[in-house]
Amino acid sequence: MRIETYFILMIYLVFFNLDCKAQDPYYINLSIAEGLPSYNIYSIHQEENGILWFSTDVGIVKYNSKNFELFNTESGLSDNEVFRLKKDSSGRLWLLTLNGKLSFLYKNKIYNYKNSDLLKKINATGHTVDFLKDSNQNIYIAFKSGDIYQINSNNSITKYNTNKPTFSGIWLSSQHLFGIDSEAIYTIDIGIKKTFKPTNPIRVFHLSNQETLLSDGNVVYKAVNDSLIYQFQLPKKNDIINIIHKKEGLWLCTRNGVILYQDKKVISHYFTDCIVSDVLEDQEGSYWFTTLNKGVLYVPSLGLKQILENTKINTLAVNNNKKELWIGGVENDFYILKEQNLEKKELKTSKALKDKIASIRFFGDTTYVVGKSSLNIFKPNTFQTINISANDILIHQKKLYLGSTFASKMNPDELKDIYSIHKKSILNKRINALNTDSNQTIWLGSNFGLHSYHLSKIKNYGTAYEDLSISIEDLFYDKEKQTLFIATASKGLILLQNNTITNKITLKDGLNSNTVNTIKKIGHNEYLIGSNNGLNHILFSNNKCKISNYNFLLGIKNKRIKDIEKLDNTLYLATDNGLLHFKTSEVSFKKNKPKCHIKSIINEGEEITTSKISYNKNDISIIYEGISYKDKGNLTYYYKLDQIDKKWSSTLETQINYKSLAAKKYNFLLYTVNGAGIKSNIQRIDFEILPPFWNNNWFKLILLLVMGVIIYLLIKIRLNKQQKRFEEEKSKIQLEKYMIELEQKALRMQMNPHFIFNALNTIKGYYLEGDTINASKYISKFSKLLRMLLENEDQITTLENEIDMLQLYIDLTQIRYPNKFEFEIKIAPELQISEIILPNLLLQPIVENAIIHGLAPKKEKGKLNLSFYTENNFLICTVEDNGIGRKESAKKNSVNEHQSKASQIIKDRLNLFDSKCTITYLDLSNKNNISLGTKVVIKLPSKNIWS
């Protein structure tokens, strides 16, 4: 470690005078980087709703304090180069263009000569040079070609033909219209001219106080009738390109900045490196300066000045004895501001690293500049450097306390080398801030919380209070309140009195950040608090704490304040981008309400343009917008949907979403609050979610009528069905009765009584002859046949059962008529006889008739053939015999009632089974017409047991 002693060994890099009047106000530069489409901005206009419009060489730009939106020829402008924006009494914002083709903006729509009948009537050439309004709400537009159009309040048009191709401007005076060019002044409406030859191109300006001023280079005249009255002259090279009248005076826009002129003298000259084209004071009291080379300069307050722009300032200190402000930077640099002189100095350091000035302290005639790399001690005619990293220094009761990576206590003359300093350590914690109170207690703010040193003892307050166990950034002891103010890194501002926390001020209480960097008392119970998010003002009154966010007052939102000092009546703020200073008497803001309006209601990205919303679009988003340029558009919104929300809700978003709103009428209410706590007017939008059509009274009435008709029809249909079912049941009962009768008839017709009698006699004969074997066989077959007849109660049977029954019947009949006939039953192989169905005992009467009446009377042995096969989905059953035939049989049996009844019963049964059934009787004969027998064919639709 080395100690270097000098007689003025610092290097003076810069020494200059600053004229406070010449200092530029603090401003925010909006240019291409921030979203503007061009650096070339001609003019500015603010709408009543707070929206700003800029005219540029690439179109006009809309700015809502958050976003820029460009409109150009693709949007409907007649030309992209728009020089001026002028509002008329009808609410039209006129766009004065380079090509002379006018456009205007009205109710968010751009009109041009293609979609406006009014503009189609204006046919001028050359760019527009002037725009004038009279007291009767008429407007006058002059073009470079000399054409002047008067648009009356009723939109009728009067054209003045001046035949002057180089008009510079027009004005009204004594009810006459005057114009000027490079040669003369013209009384246009009566055709008189007065010679006038300016030195420079003339520019004409119509002020808000109804005066018309003209500039000839740097000379200003006032137009009175056809005369120009000299007003004043600026220094050379200050050609005036625009004049704006405000309450504070005339703003003169020049190619070398903007000049505020009042009471025949220059008050201020700002932005000398800019070509300023227009000036606007907005509704919040801030100023906007448009330029032709640097975009837009936004000045939140003319009273807030800035020096050392783009220089990072870390600490401030006031030497009250010398009325000096010492300013500590971060790159070996510090500055001394005294009156209007700013002196820059740089520390010499043996290290290659840049030294950050952590604090500057004055004790007697000694100044300590405490750096992160070195401690620098200034005495009259002497300078000393100690190579140690430190943050703060304190001398109390002739003892020196040094806050470094540790805290040490020593005599001032023991501050020699790092080894002796370490030996004097009282706390092994990195110290950020030191202070003392009226009880002779030394307070130490470290990276690990708050400690005190009293009577050679260290006390850790972090053990008792968790909020005091974190990094402490600054300490201030208020002797008047007997209170220690503690700036913390994340717990806001904490007040400690009598070793007890008496107050804690954080974000939820109104502080703009919980990271507090510095504390400055500026009056009785009045304090300024610098945080990572700007400046706070705290006033204690009647045991209450009122917190104000000064960001809005100064327009410095999101700017970190590292330190605060007050010299005379001026407050100084150390920031990462220079030194800000202001007098509270010169800084004020308009207490105008912020602007807020509801833009639209959307559903699935589509804007809803009606207040009555369909039930299937009840998922809605309400889009709104608040405008505050001092708050950079970062406003707090409060909203309530009356039919749902009982209390106001807050949000920072500009969109609220509602899902599945019930069908009813709604009132959405909204207001916003700016950084100064000022509320906007409550905005309201009413809408209705329509009920589904099925919930409407008319639909319910129709539905009731339809339901009545349906119920009537259902009742009628039910009655008809019941009636039909009754008829069907009646028919079914009659049919069943008929079928029972038919079955009884069929059963009676199934067996000839003679057959049964003969069968019994045959059995008797076998027993008389002692032929028990044949008797047994006969009895077996006969009993089986009888059992089938008696057990078969169903009307339908399978073909297999029908064939078995016929087999038994024929076998028994052959015994009755021995050697009279033989028989054969043929079954087609494809037939599933166990599944095919047909009426029960259908063929027995036909077989019986064939044997008895056909084969039995025949002298020779006869043949009986039965066949079963399918054809075209029909079952074909044939019974064929080679007996005597039906004709011969009829001769021998003149009346056969039993046979006739049996045939009719068969037909009826077939018809009941299926109407498609047929029975055919065929008489067989040879060529000589001699009978060869009879064939009966029955066709039934093929059915099975599954159908």
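The following paragraphs describe salt bridges, one strand residue and one pocket in this predicted model.

The salt bridges number 24 in total. One of them joins Lys-87 to Glu-47, with a distance of 2.7 Å between the closest N and O atoms. This pair connects distant parts of the chain, its members being 40 residues apart: Lys-87 belongs to strand E8 (residues 82-87), while Glu-47 lies in the loop between strand E4 (41-46) and strand E5 (52-56). The two partners also fall into separate accessibility classes. Lys-87 counts as partly exposed because its relative accessibility is 22%, and Glu-47 counts as buried because its value is 15%; the boundary that matters here is 20% relative accessible area, under which a residue is termed buried.

A further salt bridge brings together the side chains of Arg-92 and Asp-88, again described by an N to O distance of 2.7 Å. Here Arg-92 and Asp-88 are both buried. Another pair consists of Asp-686 and Arg-684, whose closest N and O atoms lie 2.7 Å apart. Asp-686 has a relative accessible area of 39% and is therefore partly exposed, whereas Arg-684, at 53% relative accessibility, is classed as exposed. Salt bridges also occur as a network, in which Lys-247, Glu-248 and Glu-281 are linked.

Attention may now turn to Val-204, a residue of strand E20 (residues 202-206). Its relative accessible area is 12%, so Val-204 is buried. Beyond residues up to four places away in sequence, Val-204 touches Asp-130, Ser-168, Gly-169, Ile-170, Ile-180, Thr-212, Leu-213 and Leu-214. For one of these contacts, Gly-169, the separation along the sequence is 35 residues, and the C-alpha to C-alpha distance from Val-204 is 5.5 Å.

The last feature is a pocket. The second largest pocket has a volume of about 1,300 Å³. Its lining comprises 45 residues, and those nearest its centre are Arg-361, Asp-392, Asp-474, Leu-475 and Glu-565. Two or more lining residues come from each of strand E32 (315-319), strand E36 (357-363), strand E40 (392-396), strand E44 (431-436), strand E48 (472-478), strand E52 (516-523) and strand E56 (561-567). In terms of residue class, the lining of the second largest pocket contains 17 charged, 16 nonpolar and 12 polar residues.

Technical notes:
Residues numbered from 1 in each chain as written. Predicted model: local features only at pLDDT ≥ 70, side-chain atom pairs only at ≥ 80, totals over all residues. Heavy atoms only, no water. Salt bridge = Lys/Arg side-chain N within 4 Å of Asp/Glu carboxyl O. Helix = DSSP H or I, 4+ residues; strand = E, 2+ residues; numbered from the N terminus. Buried < 20%, exposed > 50% of the residue type's maximum accessible area, 1.4 Å probe, protein only. Contact = heavy atoms within 4.5 Å. 1 Å grid on protein atoms, 1.4 Å probe; cavity = no way out; pocket = protein on both sides within 12 Å on 5 of 7 lines; lining within 4 Å. Points joined across faces, edges and corners; volume = space filled by probe spheres on them. Nonpolar A, V, L, I, M, F, W, Y, C, P; charged D, E, K, R; others polar.
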